[in-house]
Amino acid sequence: MGDRMNRKWIGAALALLWGAGCSSSDDACDPIAQTGCDENLVCEEVVDGGTACFAPVVLRGNVFDQADESGIEGATVVALDANRAPASTVAVTDPSGDYEIRVARQRDTDGNPQGGDVTLRADAAGYQTFPGGIRQALPIDVSSPVEEDGLLVVDTPTTDVGLIGLPSGAGTNQIFGNVEVPSDSTGVLVVAETTGGTPDGFTAIADRDGIYRIFNLPDGDFSVLGYAQGVNYGAESASVSGGEEAQVDLTINSDAPGTVTGSVQIVNPGDGDGTSYILVVESTFDEALARGETPPGLRAPEGTDLVGSGSWTIEGVPAGSYKVLGAFENDQLVRDPDFGQGNTEIVRVDVVAGQTVEAPSFKITGSLDVISPGAQGPEEVDGNPVFSWVDDSGEDRYSIQVFDTFGELIWEDPNIPSSSGSDPEVSYDGPPLDSGMFYQFRVTSFDTNDRPLARTEDLKGVFFLP
């Protein structure tokens with residue numbers, strides 16, 4: 001990755017004259033319709049109110065095969081905000097795997113981008129969606145772009161995305177189309193669910209223009225659904241086989257959205273102060289990894305804030321079946337792993353149009369903190385990594401598991417003895433690790449009655465072999 005890394009650099013922010021380039025001083029520009037600005041300028045909201053025309057903020061990067069670093073043509077890339085709502089349209093990579101997307105950002109009066117970091121989602125035929133499995137997207141700082149030919153460009157290592165090829169036998173069909181996007185929204189989660197049995201969900205994010213494409217579908221019949229906060233969509237059907245494409249367009253219906261409320265008890269939080277709660281579409285939920293796809297905005301509290309014990313509410317929830325997850329971020333808290341106790345199992349809710357649903361309460365507890373690898377993000381290792389974590393003073397033993405990026409358990413040791421007050425270290429003793437593959441180790445502590453006490457966090461402990 002040397003050439004790719006060498007071409008990445010970050011410059012200081014360059015202030016621009018805000019409001020320059022508006023087609024009329026009497027008419028405000030429209031940031032949704034993108035009207036009212038001269039050519040090559042975009043309409044954005046201003047921090048203190050109103051709108052104005054500015055040079056576009058552009059992300060540039062490359063989507064490549066993690067195994068051999070070759071560029072991937074035809075991959076789709078979209079930028080997402082903190083609530084997983086699209087902050088851009090969808091870009092399609094060129095034959096070299098390069099892409100460029102314009103990102104909507106609130107500006108200060110000097111034209112500098114505001115409003116927090118963004119992350120990327122990338123999809124391609126024959127590859128695992130990123131982020132996906134154990135891999136999480138790193139935040140991209142858009143506050144310090146570099147001016148290049150009238151654009152404010154962000155071109156850093158975090159704008160490159162390496163994808164991991166799917167195992168043999170993965171589906172080759174695609175469903176694409178256009179989704180009606182609500183006037184107050186910037187995107188929609190589209191899910192194609194298998195029919196005839198327990199549904200399996202395959203997903204894409206429809207961008208600010210409503211365009212989407214779902215890759216890697218198996219042969220079969222699908223129900224295609226849209227999920228956006230505040231509205232409901234009518235489901236459409238499609239059948240694909242033998243590498244086919246099918247077009248499915250989705251429109252908003254007249255059904256009112258619902259509301260989900262719940263409560264949580266945080267016990268023995270350690271260093272954790274607060275957490276958040278999200279709704280995951282049930283058909284996309286991975287039992288092994290306890291992860292799935294969250295429609296844009298279905299998070300409590302909104303934005304990036306965290307809350308402690310007590311009640312929570314998510315409004316504008318589309319009809320459907322969801323899993324309720326808490327303490328999913330790196331907040332030093334996890335769901336209580338003792339599923340033999342009350343209020344610890346993963347919660348499921350069915351939302352009916354226009355109704356309020358109360359989710360069963362559940363417990364959150366302090367996590368075991370990872371030391372290495374993967375304490376601050378995905379970490380490079382050699383073929384024989386050593387796993388370490390902060391000691392749980394009340395434990396009698398530990399169990400460790402290692403998963404690959406597809407959620408497959410590749411090695412475990414359920415009987416690691418108490419560390420007697422020192423931070424444990426365990427050497428990997430499983431099958432050889434594959435170059436270019438991402439892995440995660442997870443540790444659970446147990447007391448003398450063989451009850452689980454705590455575990456490492458959902459997003460930590462990720463590592464890879466270069």
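**Reading rings and strands**

Modeller: Let's start with two rings: Phe387 and Tyr428 are both buried. Keep in mind that this is a predicted model.

Biologist: Okay. How many aromatic pairs turn up in the whole structure?

Modeller: A search finds 11 of them. Take Tyr277 and Trp312, a stacked pair with 5.5 Å centre to centre and 15° between the planes. Tyr277 sits in strand β19 and Trp312 in strand β21, 35 residues apart, so this pair links distant parts of the chain.

Biologist: Are those two rings buried or exposed?

Modeller: Buried means under 20% relative accessible area. Tyr277 is at 1%, so it counts as buried, and Trp312, with 4%, is buried too.

Now go back to our opening rings: Phe387 and Tyr428 form an edge-to-face pair, 6.3 Å centre to centre with 85° between the planes. This pair also links distant parts of the chain, with Phe387 in strand β29 and Tyr428 in the loop between β32 and β33, 41 residues apart.

Biologist: Which residues do ring pairs link into a cluster?

Modeller: Phe387, Tyr428, Trp411, Tyr439, Phe441 and Phe463.

Biologist: And where do charges lie over ring faces?

Modeller: Look for an Arg above a ring. Arg397 lies over the face of Phe446, at 3.9 Å from the ring centre, and Arg442 does so over Phe403, at 4.8 Å.

Biologist: Last one: why is strand β14 described as largely enclosed?

Modeller: Count its buried residues: five of the seven in 211-217 are buried, so the rest of the structure largely encloses the strand. Strand β11 pairs with β14 in the antiparallel sense over five bridges, and one to look up is Asn173, whose bridge partner in β14 is Leu217.

Conventions
Residues numbered from 1 in each chain as written. Predicted model: local features only at pLDDT ≥ 70, side-chain atom pairs only at ≥ 80, totals over all residues. Heavy atoms only, no water. Buried < 20%, exposed > 50% of the residue type's maximum accessible area, 1.4 Å probe, protein only. Helix = DSSP H or I, 4+ residues; strand = E, 2+ residues; numbered from the N terminus. Pairing = 2+ DSSP bridges. Phe/Tyr/Trp six-rings, centres within 6.5 Å; stacked < 30°, edge-to-face > 60°. Lys NZ or Arg CZ within 6 Å of the ring centre and 35° of its normal.
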